[in-house]
Amino acid sequence: INMPTFIGKPVTVAEDKQLQVGDTLRDFNLTTTDLTKKSLSEFDGKKKVISIVPSIDTGICSTQTRTFNKELSELDDTVVITISVDLPFAQARWCGAEGLENVVNLSDFSEGSFGKTNGLEITDGPLAGLHSRVIIVVDENGTITHTEQVAEIADEPNYEAALAVL
């Protein structure tokens, strides 16, 4: 796995922990916009597109979240989960401003455990402490069917590749 860059400069993530196709995504316990906790197991039986972004308040992250939700909002068996370290208040404000009601925004702000466990936390440079831009598609049984560590964090992911595995 190649290390991602941010505006052309390499940033470090724990590549030895990054998830691969065929792995089982471990359960997590993250904070929702109403400050309750939500775990991965609450989405059992559904396909999941896990869209990990550095911050919902940036243009590319907003576009990524809107795009996945637009493409998949009609599917009953699929949920899009956006994960960042943004405060739940910022995530809720963003959803309200965008007029999106079906977005599942989860925050890893309190401990960063999701990012640390799965090799997503950026450990150096100007984005240190945030998560790198990663897409993980998980089938209804919890098996990863697609993953993309976006090479340049300021770029959008390959939407078509993620959608194709669904």
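**Exercise 1. The hairpin**

Which residue in the turn of the hairpin that β8 and β9 form has a positive phi?

*Solution.* A note on the input comes first. This is a predicted model, in which local features need pLDDT of at least 70 and side-chain atom pairs count only at pLDDT 80 or more, while totals for chains, interfaces and linings use all residues. Residues are numbered from 1 along each chain as its sequence is written, and side-chain values use heavy atoms, with hydrogens and water left out.

Step 1: find the strands. Helices (H or I, at least four residues) and strands (E, at least two) are DSSP runs, numbered from the N terminus. β8 covers 134-138, and β9 covers residues 144-149.

Step 2: check the pairing. Strands pair if DSSP finds at least two bridges between them; β8 and β9 run antiparallel and are joined by five bridges. Within this pairing, Glu148 of β9 stands opposite Ile135.

Step 3: look at the turn. Five residues lie between the two strands, and Gly142 is the one with a positive phi, of about 95°.

**Exercise 2. The surroundings of β8**

Work out how β8 is covered and what it touches.

*Solution.* Step 1: take burial, where buried means under 20% relative accessible area, exposed over 50% and partly exposed in between (1.4 Å probe, protein chains only). Five of the five residues of β8 are buried.

Step 2: sort the side chains. In a regular strand they alternate between the two faces of the sheet. Here Val134, Ile136 and Val138 point one way, and Ile135 and Val137 the other.

Step 3: find the other partner strand. β5 pairs with β8 in the antiparallel sense over five bridges, and Ser51 has Ile135 as its bridge partner.

Step 4: list contacts (heavy atoms within 4.5 Å). Beyond its neighbours within four places in sequence, Ile136 touches Leu19, Lys48, Val49, Ile50, Ile52, Ile144, His146 and Thr147.

Step 5: place these residues in cores. A nonpolar core is a set of buried Ala, Val, Leu, Ile, Met, Phe, Trp, Tyr and Cys residues joined through side-chain atoms within 4.5 Å. The largest has 19 residues, and Ile136 is among those with the most contacts inside it, along with Ile50, Ile52, Ile81, Ile83 and Phe114. β5 (47-52), β6 (78-84), β7 (104-107) and β8 each give two or more residues to this core. Apart from it lies another core of eight residues, including Val49, Leu72, Val80 and Ile135.

**Exercise 3. The aromatic pairs**

How many aromatic pairs does a search of the whole structure find?

*Solution.* Step 1: set the criteria. Rings of Phe, Tyr and Trp (its six-membered ring) pair if their centres lie within 6.5 Å; planes under 30 degrees apart count as stacked, over 60 as edge-to-face and the rest as tilted. The search finds two pairs.

Step 2: take Phe28 and Phe114. Their centres are 5.3 Å apart with 85° between the planes, an edge-to-face pair. Phe28 lies in the loop between β2 (9-10) and β3 (29-31) and Phe114 in helix α3 (residues 113-117), so the pair ties together parts that are 86 residues apart in sequence. Phe28 is buried at 7% relative accessibility, and Phe114 at 3%.

Step 3: take Phe68 and Tyr159. With centres 5.2 Å apart and planes at 70°, this pair is edge-to-face. Phe68 belongs to helix α1 (residues 59-72) and Tyr159 to helix α4 (residues 159-164), so parts 91 residues apart in sequence are tied together. Both Phe68 and Tyr159 are buried.
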